[in-house]
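Q: I'm new to this structure and would like a close look at one part of it. Could you take me through the rings and the packing in the interior, step by step?

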Amino acid sequence: MTVEGFEGRLDRYLSEALSKTRSFVQKIIEEGNVLVNQTQVLKPAYKVKSGDIIKVVIPEPKQLSIVAQDINIEVVYEDEHLAVINKPRGMVVHPGAGNFENTLVNALLHKFRGRLSSINGVIRPGIVHRLDKDTSGLLVVAKTDEAHVKLSEALKSHQIKRIYYAICEGVLKEDSGVINAPIGRHPVNRLKMAVVPNGKEAVTYFEVLERFDKYTFVKLRLKTGRTHQIRVHMSYIGYPLLGDGTYGRAKNEFGVEGQVLHAGEIEFVHPITSEVLHFSAELPEYFLKILNILRSKKQ
């Protein structure tokens, strides 16, 4: 292909020209599959200009080797382009090191008979965004590459509205507020995230729904979607999520293991039809049980 009317990064140009995500394009560049003016280019940031001739070899997609499993999952919405899933607490979204079964992806492969976008490869087919293992609730899955690209762009530009509900330790004084603090890898423990000066922009809005003696029931909205963002931000301001042993206290009076966090609402523009879609999922039973115990103590 010949570059026309463009000057800038190679990965940006190819992402637009091929209708692929930036991460996909960066990978094929770094793997040596792109030539500019007959010279192999390995840097995604390489500057191209009008008149440059680019040759791209897109590797054949690998045959999916992740096993499809008949695992019951709740499909809130489905059409030929995408699906919205209500993920249960305790389920990992996609296979990873030492964990290649019983994930949401295993369930999706069976449910949709492999009809999932290929953009994120063998391990994460169809996965546009993730939820932590112990976070329940709604996430959108792409069935086609076109839908995946457009949903990823909407996510990156903060056009997908995501509402979460949580119980945090301590009693928040403000009725509402915003946490604007950059998040990156923890400087010591690389398995954790933290608020760090050189981190990526991270913005979380919170609203108090109910106060208890030692806890607060909160509603949270994400502007950005960094790894563990809500958990890190709430811990950072001194109100870690109940049950979050990574960023707060592991032991608690309810015996709950893992953060009490639920992705309760999601809203976005359909990537193909342009219809505005809004979905909600009720709080899971364990969450409601804790709320009922706290409410009974107030009486």
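A: Sure, let's begin with a charge and a ring. This is a predicted model, and in it the charged end of Arg221 sits over the ring of Tyr205, 4.3 Å from the ring's centre. There's another case at Tyr286, where Arg89 lies over the face of the ring, at 4.3 Å from the ring centre.

Tyr286 also leads us to other rings, as Tyr165, Phe217, Tyr286 and Phe287 form one aromatic cluster. The count of aromatic pairs comes to 7. Take Phe268 and Phe279: they make a tilted pair, with 6.3 Å from centre to centre and 40 degrees between the planes. This pair links distant parts of the chain, with Phe268 in strand 15 (residues 261-269) and Phe279 in strand 16 (residues 276-280), 11 residues apart. Phe268 and Phe279 are both buried.

Now for the overall layout. The chain is divided into domain 1 (2-56), domain 2 (62-157) and domain 3 (160-298). Between the C-alpha centres of domain 1 and domain 3 there are 39 Å.

With that map in hand, we can look at the largest nonpolar core, which has 33 residues. Ile85, Leu108, Leu220 and Met234 are the members that touch the most others in it. Several elements supply at least two residues each, among them strand 7 (82-87), strand 9 (161-169), strand 14 (215-222) and helix 5 (229-236). Helix 3 gives the most, with 5 residues. Domain 2 (62-157) and domain 3 (160-298) both contribute residues, so this core lies between them.

Let's zoom in on Met234. Leaving aside neighbours within four places in sequence, Met234 is in contact with Cys168, Leu172, Ile179, Leu220, Tyr239, Pro240 and Leu241. Apart from the core we've been looking at, there's another one of 15 residues, including Ile167, Phe217, Phe287 and Leu294. You've met two of those names already: Phe217 and Phe287 belong to the aromatic cluster too.

Back to helix 3, where you'll find Ala107. Ala107 has a relative accessible area of 1%, so it counts as buried. If we skip residues up to four places away in sequence, Ala107 touches Gln69, Ile71 and Ile73. For a sense of scale, the C-alpha atoms of Ala107 and Glu210 are separated by 36 Å, and these residues are 103 apart along the chain.

Another alanine to look at is Ala147, in helix 4 (residues 145-156). Its relative accessibility is 0%, so Ala147 is buried. Again not counting residues up to four places away in sequence, Ala147 touches His81, Ala142, Pro271 and Ile272. Ala147 and Ala166 are 19 residues apart along the chain, and 30 Å separates their C-alpha atoms.

Last stop: Asp132. An unreviewed UniProt entry lists Asp132 under "active site". You'll find Asp132 in the loop between helix 3 (104-111) and strand 8 (136-142). Asp132 counts as partly exposed because its relative accessibility is 22%, and buried would need a value under 20%. Setting aside residues up to four places away in sequence, Asp132 touches Lys87, His228, Arg231 and Gln259.

Definitions and conventions:
Residues numbered from 1 in each chain as written. Predicted model: local features only at pLDDT ≥ 70, side-chain atom pairs only at ≥ 80, totals over all residues. Heavy atoms only, no water. UniProt positions renumbered as here; feature names shortened; annotations may be inferred. Helix = DSSP H or I, 4+ residues; strand = E, 2+ residues; numbered from the N terminus. Buried < 20%, exposed > 50% of the residue type's maximum accessible area, 1.4 Å probe, protein only. Contact = heavy atoms within 4.5 Å. Phe/Tyr/Trp six-rings, centres within 6.5 Å; stacked < 30°, edge-to-face > 60°. Lys NZ or Arg CZ within 6 Å of the ring centre and 35° of its normal. Domains from an automatic or database assignment. Core = buried A, V, L, I, M, F, W, Y, C linked by side-chain atoms within 4.5 Å.
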